[in-house]
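Trainee: I'd like a close look at one part of this protein before I set anything up. Can you walk me through it slowly?

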Amino acid sequence: MDRWPRPNTDVILAPDAATDLVFHRFELSVVAGPDQGLAREFGQEQVQIGSSQANDLALSDRTVSRFHLVIETAGGTFTARDVGSTNGTTIAGLRVQQVFLDREALIELGNSRIRFRPSGDETTLELPHQDHLGGLTGASPKMRQLYALIARVATTDLPVIIEGETGTGKELVARILHDKSNRSAEPFEVLDCGAIPDTLIESELFGHVRGAFTGADRDRQGIFERADGGTVFLDELGELKPDLQPRLLRVLEAHEIRRVGDDRPTKVDVRVVAATHRSLAELVNRGLFREDLYYRLAGCRVELPPLRDRLTDIPLLAEQFLRELRDAGERRAPATLDVETLQSFMSYSWPGNIRQLRNAVERLAIMGRADLAEREPRQAPRDTDPEILLPMREARESFERRYLEDLLSRNAGDLNRAATAAEIHPKSLARLLRRYAIGRG
């Protein structure tokens, strides 16, 4: 990247045309398995499917993982994503990790089959007209959706799980939830579960009494007692050892703790907000996180978007960071980035998210260089299926051709058997075979 600053040019930001979010509705109906006949229609951003009662579509099939599959809708497209399930997800005879759905499809989970069918209508979510909330900045639809969610849950005592990549601002969201709650005048205590040694984490959480272990020369309060009446923010909760998870569950259910070395319970009144960069649903599937604890914590899930999914917020964020630098006395910081620098920032993937952007802006203002490690456009990982790099029409045609060839092969070229296996009419299958010039020999 060249030296900076360049001749200062004001960047004109077009207002975001989208004042609300539109989610295309779809229906899920169980056509085989223990829950056959169950049908639900959804019109929301994300639908979670699995055997846990915490799912949007909960199945009783014991061959389905607790958190098995997520279907997401965005920009008029549907995406099905396996959430680290044990038995996998199969569509059209192929085991998939993530796949786009643009038409009716049959999804196999364990011993169950679920028919996915787009409904053809929409659900509209009205968004607030604002470009910041507390210390959060951004006018993209994803951020305005986040502001609306925070406003709804902040005044409740619901436990909250904040999920998002490193550097997306999870602690900032937790602080806003506290500041806008009825507990704002009470303590806000933070504990990073991944930064405390295993030998100390229990005492940090619950406290200890004198003589409980070597070096315990006095009674000590843990984070829940210190935050009594306020909010406890447990960062990187996914790192919490399994043997301590039942004790955290007791805090949520009975509102009491026991100090290490003490047999007497102590009542506490706290709201718990937890954050993790890992998927707790996947940890539940792997037996590393208790399902009942997840269920208690998931009163509300807040998912923070990575910066690469809201690049239009970069100009606002950069101006905020530059303003903070000027307020701190850094006279070299301009009011805004020049157009060329801004364009280079908006073509970068920002693996470190907001934290990395802030550091880059500070280096530009003080050193004159951003020194971004990733200079070239983003590239797909080496093990990525090359078909995902094709235009959607070509990728779909390539998939359909391979599927039809495999379908015929598995059914020894028998059209009727193949049509039955694919659950389509033989005439429809014959038409597809003619389209791709696939013979039955």
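Trainee: Let's take strand 3 (residues 46–50): how many of its residues are buried?

Mentor: Quick groundwork: this is a predicted model, where local features need pLDDT of at least 70 and side-chain atom pairs count only at pLDDT 80 or more, while totals for chains, interfaces and linings use all residues. Residues are numbered from 1 along each chain as its sequence is written, and side-chain values use heavy atoms, with hydrogens and water left out.

Now your strand. Five of the five residues in strand 3 are buried, where buried means under 20% relative accessible area, exposed means over 50%, and partly exposed lies in between (1.4 Å probe, protein chains only). Strands here are DSSP runs of E with at least two residues, helices are runs of H or I with at least four, and both are numbered from the N terminus. In a regular strand the side chains alternate between the two faces of the sheet. For strand 3 both faces are covered: Gln46, Gln48 and Gly50 are buried on one side, and Val47 and Ile49 are buried on the other.

Next, the neighbours in the sheet. Strand 3 runs antiparallel to strand 5 (residues 69–74), with four bridges joining them; two strands count as paired if DSSP finds at least two bridges between them. With strand 4 (residues 57–58), strand 3 pairs in the parallel sense over two bridges. Ile49 is a handy residue to click on: its bridge partner in strand 5 is Leu69, and in strand 4 it is Leu57.

Zoom out a bit and you get an open sheet of five strands, ordered 4-3-5-6-9, with mixed pairing. Strand 4 and strand 9 (98–101) are the edges, each with a single partner strand, so one side of each has no neighbour in the sheet. The partner at the strand 9 end is strand 6 (residues 77–82), and those two pair in the antiparallel sense over four bridges. One of the pairs there is Ala80 with Val99 of strand 9.

For context, the protein has 13 helices and 20 strands, and 44% of its 441 residues are buried. Of the contacts (heavy atoms within 4.5 Å) with a separation of 6 or more, 61% are between residues 24 or more positions apart.

A couple of other spots are worth a glance. Arg115 sits in strand 11 (residues 112–126) and is partly exposed, with a relative accessible area of 25%. Leaving out residues up to four places away in sequence, Arg115 touches several others, including Glu27, Glu104 and Glu423. The C-alpha atoms of Arg115 and Glu104 are separated by 7.2 Å, with the two residues 11 apart along the chain.

Then there's helix 3 (residues 198–206), where Ile201, Ser203, Glu204, Leu205 and Phe206 are buried. The buried residues of helix 3 pack against several elements, among them strand 15 (188–192), helix 4 (223–226) and helix 5 (245–254). Just after helix 3, Gly207 takes a positive phi of about 80°.
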